[in-house]
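How might one read a structure from its interior outward, moving from nonpolar cores to charged pairs and then to single residues? Please keep the sequence and the coordinates at hand while reading.

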Amino acid sequence: MDTKLKKQLSEIVSESVKWDCPLGQFTSFQIGGPADAVVSVKSREELHKLIIFLGSNSLDWRVLGRGTNLLVMDSGYRGVAILLDGKFKSVEFFGEDHTLVHAGAGFGLSRLSSLCMERGLSGLEFAIGIPGTIGGAAVMNAGAWGRDLGGVLAEVEIMTQEGPRTYVRDDLDFSYRSTSGFECDAAVVSSVCLRLMKRDAQEIRRACKRYSELRNKQQPKGANAGSFFKNPGDDSAGRLIDASGLKGLSIGGAVVSEKHANFIINRGNAKASDVLRLMELIQNKVQKDSGVFLEPEVHILC
Ligand code: EPU
């Protein structure tokens, strides 16, 4: 980015821009080279100006969220990484019985699930322990335990170069790990509205406890990006990788989890290239053994 563009970008956002900033610190994998710029936006006005600036200068950009489903290449990212802060981390309950929830896209999904649990609002129990943001969850229709965000999503607001635009549930199509019907490539999800149900708070608490226990029992901790591959059809990527005997396989600092084979763990010093080589090894072996090609769920940013 040239000096003139850098100056313009600095003037759009109130927080100072981080130039040439390593992205590992913003991802759950804790891997990744530097982005040209990392910007924090705190209001819809700032976000609108930023989207216009990026669009009119044909600059690549990407919202980081909590960097939970992301593998950033070692060579980094030639674009602008966006963090949603300030107003984008607010939440408001309204409507009859306060069953509608309006949340800024930067609000943590698991934290929102706990807040709803405390208020006796049902529908988001499945999300307890999912580490991303509600905005990211809306874009990829995050899910677990047979439920997904599409089940409770009432509205999505996106910020486009022309300003904010709202999509209601009927405008959207939800499928496995994908929401379509709104243009998330040229616009940023700025907020979502969920429609939940009043239910016995103890029952909700019990469901959340059960899901947390299952998650702790079945899924590993440590630096990872969640399920690495999408489940193919009705089968499970974890089962297929396990059946190929790949648990514990490692390249450099990246290792296939012993606890759940669809998780790749960064043991502390993994490079993105280690993860990619391990990914290809897994894909080749599973394809050879089971005839199934595993497609990554993790987004690769380069
Ligand atoms: N399995 C094995 N070996 C393993 C792991 C799993 O044999 O190493 C078997 C299990 O025994 C089970 C089957 O595979 O019979 C499915 O495993 P699991 O119940 O753990 O579910 P999953 O399909 O691997 C999915 C989601 C998770 C979500 C859980 C719970 C995908 C790719 N993953 O995992 O989502 O938390 O169900 O609902 O859809 C994520 O997307 O990041 C994520 C963690």
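What follows is a walk through a predicted model, taking in its nonpolar cores, its salt bridges, a pair of helices and a few individual residues.

A reasonable place to begin is the interior. In soluble globular proteins, nonpolar side chains tend to be buried together. In this model the largest nonpolar core has 51 residues, and the members that touch the most other members are L112, L124, I134, L149 and L194. Helix α2, which spans residues 44-56, supplies the largest share of this core, with five residues. Which residues does L112 contact once its neighbours within four places in sequence are left aside? The contacts of L112 are V91, V101, A103, F107, L124, I134 and L194, and of these L124, I134 and L194 also appear among the core members that touch the most others. Another core, of 25 residues, lies apart from this one, and M73, F228, I241 and M279 are among its members.

From the cores we turn to the charged side chains. How many salt bridges does a search of the whole structure find? The search finds 15, and three of them can be followed in some detail here. The side chains of K89 and D85 form one, with an N to O distance of 3.8 Å. K89 has a relative accessible area of 42%, and because this value falls between 20% and 50%, K89 counts as partly exposed; D85, at 24% relative accessibility, is likewise partly exposed.

In a second salt bridge, E183 pairs with R165, and the closest N and O atoms are 2.4 Å apart. This pair links distant parts of the chain, since E183 belongs to the loop between β14 (178-180) and β15 (188-195), R165 belongs to strand β12 (residues 163-168), and 18 residues separate them. Both partners are partly exposed, with a relative accessibility of 32% for E183 and 30% for R165.

The third salt bridge joins the side chains of K230 and E295 at 3.4 Å, N to O. K230 is placed in the loop between α5 (201-218) and α6 (237-243), while E295 is placed in the loop between α7 (272-290) and β20 (299-301), so this salt bridge ties together parts of the chain that are 65 residues apart in sequence. K230 is partly exposed at 24% relative accessible area, and E295 is partly exposed at 44%. Elsewhere, E125, R199 and E203 are joined into one network by salt bridges that share partners.

The loop that holds E295 also holds P296, which counts as partly exposed at 21% relative accessibility. Leaving out residues up to four places away in sequence, P296 touches F228, F229, K230, M279 and Q283. Two of these contacts, F228 and M279, are members of the 25-residue core, and K230 is the partner of E295 in the salt bridge described above. P296 and R177, although 119 residues apart in sequence, have C-alpha atoms 11 Å apart in space.

The packing of helices offers another view. Two packed helices are described by the angle between their axes and the distance between the axes. For helix α3 (residues 109-118) and α5, the axes come within 8 Å and cross at roughly 150°; because angles over 145 degrees count as roughly antiparallel, α3 and α5 are roughly antiparallel to each other. The contact is made by S113, M117 and E118 of α3 together with A201, I204, R205 and C208 of α5. By class, this contact has four nonpolar, one polar and two charged residues.

Finally, some single positions deserve attention. S40, in strand β2 (residues 34-41), is buried at 8% relative accessibility. Its contacts, apart from neighbours within four places in sequence, are V13, E15, E46, L83 and D85, and D85 is the residue that meets K89 in a salt bridge. The C-alpha atoms of S40 and I82 are 6.0 Å apart, with the two positions 42 residues apart in sequence numbering.

Most residues other than glycine have a negative phi, and most peptide bonds are trans. D97, which is not a glycine, has a positive phi of about 60° and lies in the loop between β6 (91-94) and β7 (100-104). N141, again not a glycine, has a positive phi of about 45°; N141 sits in the loop between α4 (134-140) and β9 (143-144) and is buried, at 1% relative accessibility.

Definitions and conventions:
Residues numbered from 1 in each chain as written. Predicted model: local features only at pLDDT ≥ 70, side-chain atom pairs only at ≥ 80, totals over all residues. Heavy atoms only, no water. Core = buried A, V, L, I, M, F, W, Y, C linked by side-chain atoms within 4.5 Å. Buried < 20%, exposed > 50% of the residue type's maximum accessible area, 1.4 Å probe, protein only. Helix = DSSP H or I, 4+ residues; strand = E, 2+ residues; numbered from the N terminus. Contact = heavy atoms within 4.5 Å. Salt bridge = Lys/Arg side-chain N within 4 Å of Asp/Glu carboxyl O. Axes fitted to C-alpha atoms, helices over the stretch in contact; angles between N-to-C directions. Parallel < 35°, antiparallel > 145°, perpendicular 65-115°, else oblique. Nonpolar A, V, L, I, M, F, W, Y, C, P; charged D, E, K, R; others polar.
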